[in-house]
Amino acid sequence: QALADGVLAAGQRSSSPAALIWGYFNQGVAAYHRGDLELAWDRLEHAVAQYREEDHLGNPQDPGTEISEYMALTAWQLGQSDSAWIRMREAIGLADRLRKPYALAHNRFYAAYLSALQRDGLAARQFSSVVIELTREQSIPLFFDAGRILYGWALAECGSCEEGVDCARAGL
């Protein structure tokens with residue numbers, strides 16, 4: 001939380017829109033993981049209100065996709081399943097438009113994760129297989145292994161339990 005507060009404070013001092021967006025985003029992520037979903041939503045709304053796609057074209061990461069992904073997860077945790085998928089579809093559309101390898105891998109991982117939260121094994125399998133493919137091509141080990149864990153869960157959820165456990169273990 002202290003780091004997120006520091007990033008936001010630096011953004012406010014510098015009047016840098018990018019620093020301000022990342023500051024609000026980091027505060028939202030920290031609040032989400034602490035379970036303070038109302039604060040998470042508030043900070044993520046502040047971040048998305050500041051976001052302009054054209055300001056981040058040169059950055060391998062894109063705060064717009066990541067903000068929408070965490071808004072989707074927060075909406076899901078708040079019991080708003082329809083809103084969660086609206087936000088995730090926004091993130092998917094933006095990631096597809098931007099074609100940034102890291103943003104695509106990050107986005108598909110969180111789409112797979114949201115699908116797993118909803119116990120949708122087929123969607124989780126589809127999204128996580130894309131994560132594995134993208135991260136193998138782009139050498140992004142964190143999401144490669146995490147994608148294999150989700151893919152393993154999805155296989156098991158769809159009835160291929162032994163194969164799923166083996167895949168998830170390989171990711172671990």
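Q: Are α4 and α6 roughly parallel or roughly antiparallel to each other?
A: This is a predicted model, in which local features need pLDDT of at least 70 and side-chain atom pairs count only at pLDDT 80 or more, while totals for chains, interfaces and linings use all residues. Residues are numbered from 1 along each chain as its sequence is written, and side-chain values use heavy atoms, with hydrogens and water left out. Helix α4 (residues 63–77) and helix α6 (residues 101–117), named as DSSP runs (H or I, at least four residues, for helices; E, at least two, for strands) numbered from the N terminus, pack at about 5° with their axes 10 Å apart, where axes are lines fitted to C-alpha atoms over the stretch in contact and angles run from 0 to 180 degrees between N-to-C directions. Angles under 35 degrees count as roughly parallel, over 145 as roughly antiparallel, 65 to 115 as roughly perpendicular and the rest as oblique, and the relation of α4 to α6 is therefore roughly parallel.

Q: How do the residues of the contact of α4 with α6 divide into nonpolar, polar and charged?
A: Contact means heavy atoms within 4.5 Å, and the residues that meet include Tyr70 and Trp76 in α4, and Tyr110 and Leu114 in α6. Ala, Val, Leu, Ile, Met, Phe, Trp, Tyr, Cys and Pro count as nonpolar, Asp, Glu, Lys and Arg as charged, and the others, Gly among them, as polar. On that basis the contact of α4 with α6 divides into ten nonpolar, four polar and two charged.

Q: At roughly what angle do the axes of α2 and α3 cross?
A: Among the residues that make the contact are Leu20 and Phe25 of α2, and Leu44 and Ala47 of α3. The pair is roughly antiparallel, and the axes, which come within 7 Å, cross at roughly 160°.

Q: Which element gives the most residues to the largest nonpolar core?
A: A nonpolar core is a set of buried Ala, Val, Leu, Ile, Met, Phe, Trp, Tyr and Cys residues joined through side-chain atoms within 4.5 Å. The largest one has 41 residues, and Phe25, Ile67, Tyr70, Met88, Phe109, Leu114 and Phe127 touch the most other members. Two or more residues come from each of α2 (17–34), α3 (37–50), α4, α5, α6, α7 and α8. The element that gives the most, with eight residues, is α2.

Q: Is Ala116 buried or exposed?
A: Ala116 has its place in helix α6, and, leaving aside its neighbours within four places in sequence, it is in contact with Ala124, Leu150 and Trp153. Buried means under 20% relative accessible area, exposed over 50%, and partly exposed in between, for a 1.4 Å probe and protein chains only. At 13% relative accessibility, Ala116 therefore counts as buried.

Q: What is the relative accessible area of Arg99?
A: Arg99 is found in the loop between α5 (81–98) and α6, and its phi is near 55°, a positive value in a residue other than glycine. Most residues other than glycine have a negative phi. Arg99 is exposed, and its relative accessible area is 55%.

Q: Near what value is phi of Ser139?
A: Ser139 lies in the loop between α7 (121–138) and α8 (141–157). Ser139 is exposed, with a relative accessible area of 60%. Its phi is positive although the residue is other than glycine, and the value is near 55°.
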